[in-house]
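Visitor: I have a structure to look at and some questions to ask. Could you guide me through it?

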Amino acid sequence: MAELKFVNRPKPLLAVTDSLLMIKRSSTHITRKMDELLGTFFQPIMFLVLFAAVFGGAIGGTLPHGVSYLNFLMAGIIVQTVAFGSTTTALAVAGDLQQGIIDRFRSLPMSNLAVLNGHVISDVFRNAISTIVMIITGFVIGFRTDASFLDWLAIAGLLLLFTIAFSWVAAIMGVLAKSIEGVQWLTFIIIFPLTFASSAFVPAESMVDGLRTFAENQPITHFVEAVRALMIGAPIGNHGWIAVAWGIGTLVVAMPIAAWLFKRKTTQ
Amino acid sequence: MPQSKYAIEAKGLRKSYGKNEVLKGISLKVERGTMLALLGPNGAGKTTTVRILSTLLGFDKGSVTVENYDVVKDADSVRGVIGLTGQSAAVDELLTGRENLEMMGRLYHLTKASAKERAQELLEDFDLVDAANRPAKTYSGGMRRRLDLAVSLIATPPVIFLDEPTTGLDPRSRIAMWTIIENLKKNGTTILLTTQYLEEADQLADRIVVIDGGKVIAEGTAKDLKSKVGKDRLELTFEGAKDYKKALEVVDGKTLDQSSEDLAITMTINDINKDVSKVLADLASAKIRVSSMAVHKPTLDDVFLSLTGKVKKKEEQ
Ligand SMILES: Nc1ncnc2c1ncn2[C@@H]1O[C@H](COP(=O)(O)OP(=O)(O)OP(=O)(O)O)[C@@H](O)[C@H]1O
Ligand SMILES: [Mg+2]
């Protein structure tokens, strides 16, 4: 038998290795699931083209500063896709918890949280691909922008923060759900209203009063408005800072809760 | 590092789920380099015990050390010296056999090269080379079990827990699994195996602990346990109902078991040399025709039956 060689590193570094291995695992999963690949590549294209075609006519003329609907929609549809995509994290976490594999991981001298890190970070990769696919599709069907390189960096930063924050929230739902159907339901009743009662697809000003107050003050709107402003060169106002605050705030709260719930669920 | 001659020591383990106490003070010791079989019927608490010993589950009272590490205070050190093959296969279905092995090897913190080399070695040992690059979800039950065991051996841990490793395997795969387990033992690995198959405990284990209802009800070597139930048995079958009835009169209430359907009588015998010939002589002088006879040594099935008072599900195939 071959002689075994162990890595000799301090514990925190080993925990990083564990997370990297779990990221590789979760990412491999995505490439091996046909429905997820389709979800990553084609669903965003479909949504973008459909929304642009269906709502473009009705809303197009009413937008301020003569912005085209496609240019208006771009930020919204990206944020919406990322938000819906976080369901993948929830499903992956719930799936792991239902299978024996979690016992395997826990019987190894590895960092417990690596499993969650793996799902969340691989979700970021997947979302990044979806976003790039959408932006390219957008350009093909007529999206135009004056955003500078720095603007794009800011857009990327905002979207990254949004994805990670949302995926950690999704991880909580994945741990809490009792079944895969439960996950779908949980994420649906949270994400659906949040994305549609926002300025992702139509300006908040066009909504009835109560809905409008909600839409104008909820996090998704701030993210959408900030990204949109950067894309179409409109003034960003307070949206940028508020979005960042929401993102970081959500992370600070969701990460430890997810970690705690996960640990509790797996130790009983 | 390890000083005690016991690789696994559990004392007075108690565990409740709500009001339901499923372990009521389990104590067991496994000497380093030996194999202990934890034998018990469904719901006896085997899996619960294994999960506690392998750090997966907390407990209410008692103490456990594995290689002298406390499973509660030093869970990480325990995890570094154990391998676990749980009751349901714990492999990543979407990854290939090889990827599973390499990933788990690296999670044990083997170097990349070492994990690769060891994975190849195990694929060869476990007859999985042809399937190495296929996702585990395409594996048959037996292959998955082998992969599962291979994964727990990736870092050659000195202590291995096997929870019903052969349940659901066909006879050939079971024998293959036994060979693998026997080889492990030869290499000096300490093994704790749970099983419902008495034959398996008899065949593989150095010592057996029988549990039922969360309590240890017997322990010792297979021989000890059998001698506890003791006596050899003589089983006689007769040609016709008349012979059978007459024979019952002849043996006069000394039967252990009788069946008018099978025309069979079972009786205990104390001395195989004297008693058997005496019974046969008595029957012959009463002109009773015996169609078959057999002497049975006590099996672990008998042990089980007499200890648990439960009829054990007959082992299929
Ligand atoms: N999570 C749980 N919650 C409540 N009760 C449980 C839980 N896990 C196990 N039990 C109970 O504990 C008892 C022992 O279960 P355990 O799984 O240890 O038995 P076992 O000996 O492994 O049985 P089997 O041969 O069927 O695998 C059973 O009565 C079971 O119902
Ligand atoms: Mg069990």
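Visitor: How many residue pairs are in polar contact between chain B and chain A?
Guide: Keep in mind that this is a predicted model. Both residues of a pair must have pLDDT 80 or more to enter this count. Between chain B and chain A, the count is 15 residue pairs.

Visitor: Which helix of chain B supplies the largest share of the side that touches chain A?
Guide: Several elements of chain B each supply at least two residues, among them strand 1 (6-17), helix 4 (112-125) and helix 3 (97-107). The largest share is five residues. Those five come from helix 3 of chain B.

Visitor: How many charged residues does the side of chain B that touches chain A have?
Guide: Sort that side by class. It has 18 nonpolar and ten polar residues. The charged residues number eleven.

Visitor: What is the distance between the closest N and O atoms of Arg104(A) and Asp148(B)?
Guide: The rule finds five salt bridges across the interface of chain B and chain A. Arg104(A) and Asp148(B) form a salt bridge. Their closest N and O atoms are apart by 2.5 Å.

Visitor: Which three residues supply 22% of the area that chain B buries against chain A?
Guide: Chain B and chain A bury about 3,200 Å² between them. Of this, 58% is on carbon and sulfur atoms. On the chain B side, no other three residues supply more of the buried area than Leu94(B), Leu107(B) and His109(B).

How values were computed. Residues are numbered from 1 along each chain as its sequence is written. Chains are lettered from A and ligands numbered from 1 in the order in which they are written. This is a predicted model: local features need pLDDT of at least 70, side-chain atom pairs count only at pLDDT 80 or more; totals for chains, interfaces and linings use all residues. Side-chain values use heavy atoms; hydrogens and water are left out. Buried area is the accessible area (1.4 Å probe) that two parts lose on being put together, summed over both. A salt bridge is a side-chain nitrogen of Lys or Arg within 4 Å of a carboxyl oxygen of Asp or Glu. A polar contact is a pair of N or O atoms within 3.5 Å; within protein, one must be able to donate a hydrogen and the other to accept it, and residues adjacent in sequence count only if both atoms are side-chain atoms. Helices (H or I, at least four residues) and strands (E, at least two) are DSSP runs, numbered from the N terminus. Ala, Val, Leu, Ile, Met, Phe, Trp, Tyr, Cys and Pro count as nonpolar, Asp, Glu, Lys and Arg as charged, and the others, Gly among them, as polar.
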